[in-house]
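This briefing covers the packing of nonpolar and aromatic side chains in one protein chain. Please read it alongside the sequence and the structure shown here.

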Amino acid sequence: MNFEKNVRRAADVFAKDWAFFITAGVIVCVLGTFTLGILMFPLAVGLGAAFLKAEKGRKPEYKDLFIYIHIWFKMAVMVLLILILVSFGFGLLVIPGLLLSALWLYSGFAMAMGKNGIIDSMKASWKIVSKKGLWEHVLMLFVLGFINTAASAFVFGLLITLPLTTGFLAMSFTEKSK
């Protein structure tokens, strides 16, 4: 996986339409919070799709955030299942939880963009991560987690890192799923 290339791709797309992506990130956070996290995943995947659309030279729109809202229930069930399994992994030892987190990193994108069911999305993510480098993805989780945690200390920092992280993950998923 070429982290640097995907970071640069996401940063270039963000720079071209930063006002849209910051506003879209606020919409994702606000609606995700008001729905107790239930809509966070489909909105975040929609934000990733807006990044991919903008990279192709098309203008992203706020309605792009909602293109996967119709599968909110399936995504919520999948997130709950992943949360339970990852929590169990962290309960055993930290390392199994980290490995499971990395293995199911792309599950939301696999469900939305691959039109998969819950288990098939988790399998698709597992396959991509296993094939492209599990430990690279564990390291990526650490880096993205650190960046977003550090940025959350500053309200405006998270407004930049949240859309960038989502765009980076969407671009990484599309690159890896080919």
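**Packing of aromatic and nonpolar residues**

Y106 and F173 are both buried. The model is a predicted one, and the points below take up its aromatic pairs, its largest nonpolar core, one of its helices and a nonpolar patch on its surface.

**Aromatic pairs**

- In total, the structure holds 9 aromatic pairs, among them F20 and F21, whose ring centres lie 5.0 Å apart with the planes at 80°, so that this pair counts as edge-to-face.
- F20 and F21 are both buried.
- Y106 and F173 form another aromatic pair, which is tilted, with 6.0 Å from centre to centre and 45° between the planes.
- This pair of Y106 and F173 links distant parts of the chain, since Y106 sits in the loop between α5 and α6 (107–114) while F173 belongs to helix α9 (residues 155–176), the two being 67 residues apart.
- One aromatic cluster is formed by F14, F20, F21, F51 and Y62.

**The largest nonpolar core**

- The largest nonpolar core has 42 residues, of which F21, F51, Y106, F109, M140 and L169 touch the most other members.
- Helix α3 (residues 40–55) contributes the largest share of this core, with 8 residues.
- When residues up to four places away in sequence are not counted, F109 touches V45, G48, G114, T166, L169, A170 and F173.
- In soluble globular proteins, nonpolar side chains tend to be buried together.

**Helix α5 and its partners**

- In helix α5 (residues 94–103), the buried residues are G97, L98, L99, L100, A102 and L103.
- These buried residues of α5 pack against α4 (72–92), α7 (118–132) and α8.

**Surface patch and the contacts of T161**

- L139, F142, V143, F146 and I147 make a nonpolar surface patch of about 510 Å².
- I147, which is one of the residues of this patch, lies in helix α8 (residues 134–152).
- With a relative accessible area of 38%, I147 is partly exposed, because this value falls between the 20% under which a residue is buried and the 50% over which a residue is exposed.
- T161 is found in helix α9, and its relative accessibility of 13% is under the 20% limit, so T161 counts as buried.
- Leaving aside neighbours within four places in sequence, T161 is in contact with I147, N148 and A151.

How values were computed. Residues numbered from 1 in each chain as written. Predicted model: local features only at pLDDT ≥ 70, side-chain atom pairs only at ≥ 80, totals over all residues. Heavy atoms only, no water. Core = buried A, V, L, I, M, F, W, Y, C linked by side-chain atoms within 4.5 Å. Buried < 20%, exposed > 50% of the residue type's maximum accessible area, 1.4 Å probe, protein only. Helix = DSSP H or I, 4+ residues; strand = E, 2+ residues; numbered from the N terminus. Contact = heavy atoms within 4.5 Å. Patch = residues over 30% accessible without salt bridge, like charges linked within 9 Å, V, L, I, M, F, W, Y side chains within 5 Å. Areas by Shrake-Rupley, 256 points an atom, 1.4 Å probe, with all protein chains shown as cover. Salt bridge = Lys/Arg side-chain N within 4 Å of Asp/Glu carboxyl O. Phe/Tyr/Trp six-rings, centres within 6.5 Å; stacked < 30°, edge-to-face > 60°.
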